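Me: I am new to this structure and would like a close look at a single part of it. Please take me through it slowly and connect it to its surroundings.

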Amino acid sequence: MGDFLNVFIKTAFVENMILSYFLGMCSFLAVSKSVKTALGLGIAVIFVLGITMPINWLINEYLLKETGFFGLDLTFLRFILFIAVIAALVQLVELVVEKFSPSLYNALGIFLPLITVNCAILGGSLFMISRELTLSKSVAFGLGGGFGWFLAIVALAAIREKIQYSNVPPALRGLGMAFILTGLMGMAFMSLMGIDPAAFTK
Amino acid sequence: MAEILEKVKIEEKEPLFGPKEKKLLLDPLMDVNPITVQILGVCSALAITSLVYPSVVMAISVIFVTAFANLFTSLVREYIPKQVRMIVQLVIIATLVTIVELGLKALNFPIYKQLSVYIGLIITNCIVMGRLEAFAMANKPWRSFLDGIGNGLGYGAILIIVAIIREILGKGTLFAGSPVEIKIIGNNTTYLIDTTTSTMFGWYANNNLMVLPAAALFIIGILIWIHRTINPKLVDIS
């Protein structure tokens, strides 16, 4: 449990997906105009990241590695398989959510299918491989990364809603200001580097 | 197959590189730049721009992927059923990115290590998908190929501008890690401007903020500001 918390806190705050790795910037900038839609997309990202990471971990461990099912080194197929899994899972999640919770489905709306091409999802899986995480840590990494992404997009959306009433130079309005705000938020999040995640394992 | 070859032949009767083709190649550099105007592909771009050399490698990889993904999608565009086109496009892109990854691993391992997951993230780079959807699905192969190169160049140009600013201000070098490394400003005699002896630049110290992720965001924000001041048509009205 300590390990789980450790990875969760680290990926959510210290190594935030957007603010220190720039994963998922496209949708981050495009969908952060209002808090309501940002909330929907943020929840969807936590959801999909939390599910795809362990599944991609299992695929990598038991199918692609030389010690796996086929006994061959198939790691060069990683990109194609991962992106296929993500695309398929997003569709599946969409169907399940539609069936069991129509209200959540309506709230997420168009954002669920868009998540397939969100860099944060594929990036999370690739980071998981390059850091050689275990299964439980990869679940924590997925949920923590998703939560950090959620925090950042909701915070930016809230700031952007307020900044509409300010007198920003015309050429800087919209996109330019969003970049600079994200940079400032990144600097603020850097102060969290002082957190010692190892303290949670004690 | 024969059909495709025939089409290529017909196309060659038009001028191979007329004004339209030139426009396709050069427009994305300025007026419809993928990063500063279309907001595409910011994801995998920013993290690697703290040094110029990896950025150049990344730019070349992206140009390769956008150009050939556009070309291949355009070749098969009439045979793709509408419902599965996303999957087909993703498979084409993923294959090309795998080629790039394996090639880079064999040719230049240190850079491969440095770029790590960001090479894989070219798959979800919105420029590639965006251009396939917007251009290659409706245009002939040769033009799609040029459009891919043009957009790759526009993306690469921003990447390299940001990297040059960050590396000079952050580390005081240019092309660090490559065979043509230039040391520009620093605190010992191997640098061109030595801050310990120089009378003009004695006050200067490398700015560590530039190495951090936040700096890339500031620089792109300022580039967008400059770009929109020069070209007021692009200003966000909302």
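Which helix of chain B gives the largest share of the nonpolar patch?

Reply: The model is a predicted one, and in it the largest share of the nonpolar patch, 4 residues, comes from helix α9 of chain B, which covers residues 213–230. The patch as a whole has a surface of about 690 Å² and is made by B:Leu26, B:Leu29, B:Met30, B:Leu153, B:Ile222, B:Trp225, B:Ile226 and B:Ile230. One of these residues, B:Leu153, is found in helix α8 of chain B, residues 141–170. B:Leu153 counts as partly exposed because its relative accessibility is 33%, and a residue has to be over 30% to be taken into a patch.

Helix α8 of chain B also takes part in a salt bridge, since B:Asp147 lies in that helix while B:Arg131 lies in helix α7, residues 126–134 of chain B. The closest N and O atoms of B:Arg131 and B:Asp147 are 3.0 Å apart, and the pair ties together parts that are 16 residues apart in sequence. Both B:Arg131 and B:Asp147 are buried, whereas B:Leu153 of the patch is partly exposed.

Over all chains the count comes to 4 salt bridges. Another of them joins A:Glu15 to A:Arg131, with 3.5 Å between the closest N and O atoms. A:Glu15 lies in the loop between α1 and α2 of chain A and A:Arg131 in helix α8 of chain A, so this pair links parts that are 116 residues apart in sequence. A:Arg131 is partly exposed, with a relative accessible area of 31%.

Between chain A and chain B, by contrast, the count is 0 salt bridges, and the rule finds 1 residue pair in polar contact across their interface. The two chains nevertheless meet through 38 residues of chain A and 39 residues of chain B, and the area buried between them is about 3,400 Å², of which carbon and sulfur atoms give 83%. A:Phe22, A:Phe79 and A:Phe179 supply 21% of the area that chain A buries against chain B, more than any other three residues. On the side of chain A that touches chain B, at least two residues each come from α2, α3, α5, α8 and α10 of chain A, and the largest share, 9 residues, comes from α10(A).

Methods
Residues numbered from 1 in each chain as written. Chains lettered and ligands numbered in written order. Predicted model: local features only at pLDDT ≥ 70, side-chain atom pairs only at ≥ 80, totals over all residues. Heavy atoms only, no water. Patch = residues over 30% accessible without salt bridge, like charges linked within 9 Å, V, L, I, M, F, W, Y side chains within 5 Å. Areas by Shrake-Rupley, 256 points an atom, 1.4 Å probe, with all protein chains shown as cover. Salt bridge = Lys/Arg side-chain N within 4 Å of Asp/Glu carboxyl O. Buried < 20%, exposed > 50% of the residue type's maximum accessible area, 1.4 Å probe, protein only. Contact = heavy atoms within 4.5 Å. Buried area = accessible area lost by both parts, 1.4 Å probe. Polar contact = N/O pair within 3.5 Å; in protein donor to acceptor, adjacent residues only side chain to side chain.
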